[in-house]
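Student: Could you take me through one part of this structure up close? I'd like to hear about the salt bridges, please.

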There are 2 protein chains.
Amino acid sequence: MRDLSAGAALLSLNTATLGPRRSLQDAVEACLRHGVGGISPWRDKIAEAGLAQAERMIKRAGLTVTGVCRGGMFTAADAPGRQQALAENRRAVDEAATLGAACLVLVVGGLPAGSKDLGDARRQVADGIAATLEYARSAQVRLAIEPLHPMYAADRACINTLAQALDLCDGLGEGIGVAVDVYHVWWDPELAAQIARAGRDGRLCAYHVCDWLVPTRDVLTDRGMMGDGVIGLKEIRGAVEQAGFTGLCEVEIFSALTWWPKPVDEIMATMVERGRSCV
Amino acid sequence: MRDLSAGAALLSLNTATLGPRRSLQDAVEACLRHGVGGISPWRDKIAEAGLAQAERMIKRAGLTVTGVCRGGMFTAADAPGRQQALAENRRAVDEAATLGAACLVLVVGGLPAGSKDLGDARRQVADGIAATLEYARSAQVRLAIEPLHPMYAADRACINTLAQALDLCDGLGEGIGVAVDVYHVWWDPELAAQIARAGRDGRLCAYHVCDWLVPTRDVLTDRGMMGDGVIGLKEIRGAVEQAGFTGLCEVEIFSALTWWPKPVDEIMATMVERGRSCV
């Protein structure tokens with residue numbers, strides 16, 4: 001296992017960790033001040049800054065772009081909706097290409113409005129990814145399916161386990177893999193086996209950390225800072241690195257109640273300290 | 001598939017559906033008024049009524065006891081804690097035997113206080129179930145492992161999929177099976193395959209229904225009335241019956257915000273109507 005105790009060069013800041021009020025520039029400058037080696041911007045923050053300016057800012061700061069968040073949301077109640085989603089995903093691929101991102105993270109989408117047909121939603125996702133993958137290959141952008149926690153199956157992503165994501169990858173060939181986020185997968189009895197499988201197949205595109213709080217007060221925005229919850233973070237990182245992952249550990253914490261209200265430097269300092277001691 | 005449109009004889013009322021304020025007697029009388037064929041009492045309600053009185057009340061009403069909720073909670077930080085849990089489970093087995101319950105439902109327990117070791121918790125659960133199973137066999141009570149939704153892995157149950165529960169059953173032999181609750185398993189990509197497996201192996205002990213609401217406002221107590229959420233209930237019941245399940249459909253709805261505050265007869269009438277139309 002790599003030694004993270006020395007500094008923050010092996011950490012990447014997902015812009016969501018600073019909350020919706022902070023800009024991409026806030027995030028880039030925070031990374032520089034705290035020695036964080038990478039960044040993973042959400043697309044709304046890229047749009048606010050402007051893509052060209054975002055690229056200049058990140059390049060000048062010398063930050064690795066561990067991912068762009070996010071593509072996906074392939075499911076829709078009708079064909080025009082699905083076509084719109086594909087067009088949006090092509091734009092997301094273009095942005096990831098411009099920023100030289102390690103991958104475009106895919107949050108695949110849940111049930112279309114009014115639907116109770118999870119099988120159909122999953123077929124729509126498979127079709128949407130296949131269509132996007134051709135475009136991504138030509139742009140030399142790697143797609144990373146992020147299996148989301150089963151509690152988001154209805155409204156965010158109907159790909160809910162690493163096994164399911166990797167099965168999908170099996171049918172798609174090169175240029176696609178998975179983003180492993182501990183928040184979504186820590187409970188999975190097959191976790192170790194599926195991480196090893198992802199490594200063997202060359203599918204480990206990204207590794208995201210945060211923690212699972214007990215109690216969890218909100219389904220969406222009560223993720224914990226590493227060390228404040230119950231996830232065996234070192235064990236999971238050990239498995240991911242054992243499987244060949246050499247990328248940065250991306251910190252993505254949705255925390256409306258605890259962290260987002262705090263000053264940027266307090267969030268960053270805590271994240272860096274926890275990166276050293278807990279990740 | 002069985003025809004549920006005629007009445008409520010194939011429904012069972014889990015006492016949790018009426019909320020914590022109502023007694024076992026309230027529940028039994030509600031079943032009689034609304035033609036509901038079965039009941040599944042929580043142990044606190046049995047204790048309030050007294051076991052002998054509970055038995056008389058349910059027998060006189062002619063209700064099928066589809067389960068007793070619940071045994072389990074096998075995990076603990078130390079050996080005395082685990083011994084206490086085993087003693088408590090023996091008492092739960094005795095109650096299930098007295099009531100002639102179809103099974104004792106096991107919510108197996110999550111991480112012990114201070115632990116981040118899910119593997120260890122799962123070993124504790126396997127040991128606890130094995131120890132309880134001997135006692136249950138001698139009392140002729142069937143144990144039913146209820147895999148809980150992964151969002152409860154930390155604090156309620158570290159058995160989180162049907163596959164995981166059935167793997168555990170494989171090692172234990174006769175007298176144990178699973179309780180399939182749609183709330184916990186509806187998202188599982190392996191659901192159909194694992195229900196079929198449970199049927200083949202003679203492990204289908206109980207079937208619980210409610211619905212998954214979007215949004216879900218509380219992790220614990222915002223389950224939906226059947227038909228108000230996104231679960232494909234008929235499809236899942238079809239799979240369960242195809243696999244050989246002939247028991248009652250038990251309605252278990254934790255709903256602090258919506259249903260518990262309502263009058264008993266409103267909850268019951270809605271449940272019976274939805275049983276006809278949506279389950």
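Tutor: Here is a walk through some of the salt bridges, taken one pair at a time. First, some ground rules: this is a predicted model, where local features need pLDDT of at least 70 and side-chain atom pairs count only at pLDDT 80 or more, while totals for chains, interfaces and linings use all residues. Residues are numbered from 1 along each chain as its sequence is written, chains are lettered from A and ligands numbered from 1 in the order in which they are written, and side-chain values use heavy atoms, leaving out hydrogens and water.

Side chains of opposite charge can pair when their charged atoms come close. What we call a salt bridge here is a side-chain nitrogen of Lys or Arg within 4 Å of a carboxyl oxygen of Asp or Glu. Over all chains, the structure holds 32 of them.

Let's start with E88(A) and R43(A), whose side chains meet in a salt bridge at 3.0 Å, N to O. E88(A) sits in helix α4 (residues 79–98) of chain A and R43(A) in helix α2 (residues 43–49) of chain A, so this pair ties together parts that are 45 residues apart in sequence. (Helices are DSSP runs of H or I with at least four residues, numbered from the N terminus.)

How open are these two? We call a residue buried under 20% relative accessible area, exposed over 50%, and partly exposed in between, using a 1.4 Å probe and protein chains only. E88(A) has 33% relative accessibility, so it counts as partly exposed. R43(A), at 15%, counts as buried. The pair also belongs to a network of salt bridges that links R43(A), E88(A), R91(A) and E95(A).

Now hop along chain A to R217(A) and D222(A), whose side chains form a salt bridge at 2.9 Å, N to O. R217(A) is partly exposed, with a relative accessible area of 47%. D222(A), on the other hand, is buried, with a relative accessible area of 0%.

Last stop: E241(A) and R237(A). In this salt bridge the closest N and O atoms are 2.8 Å apart. Both residues lie in helix α9 (residues 233–242) of chain A, and they are four residues apart, about one turn of the helix. E241(A) and R237(A) are both buried.

So, to put two of these side by side: E88(A) and R43(A) tie together parts 45 residues apart in sequence, whereas E241(A) and R237(A) sit four residues apart in helix α9 of chain A.

Note on methods: Helix = DSSP H or I, 4+ residues; strand = E, 2+ residues; numbered from the N terminus.
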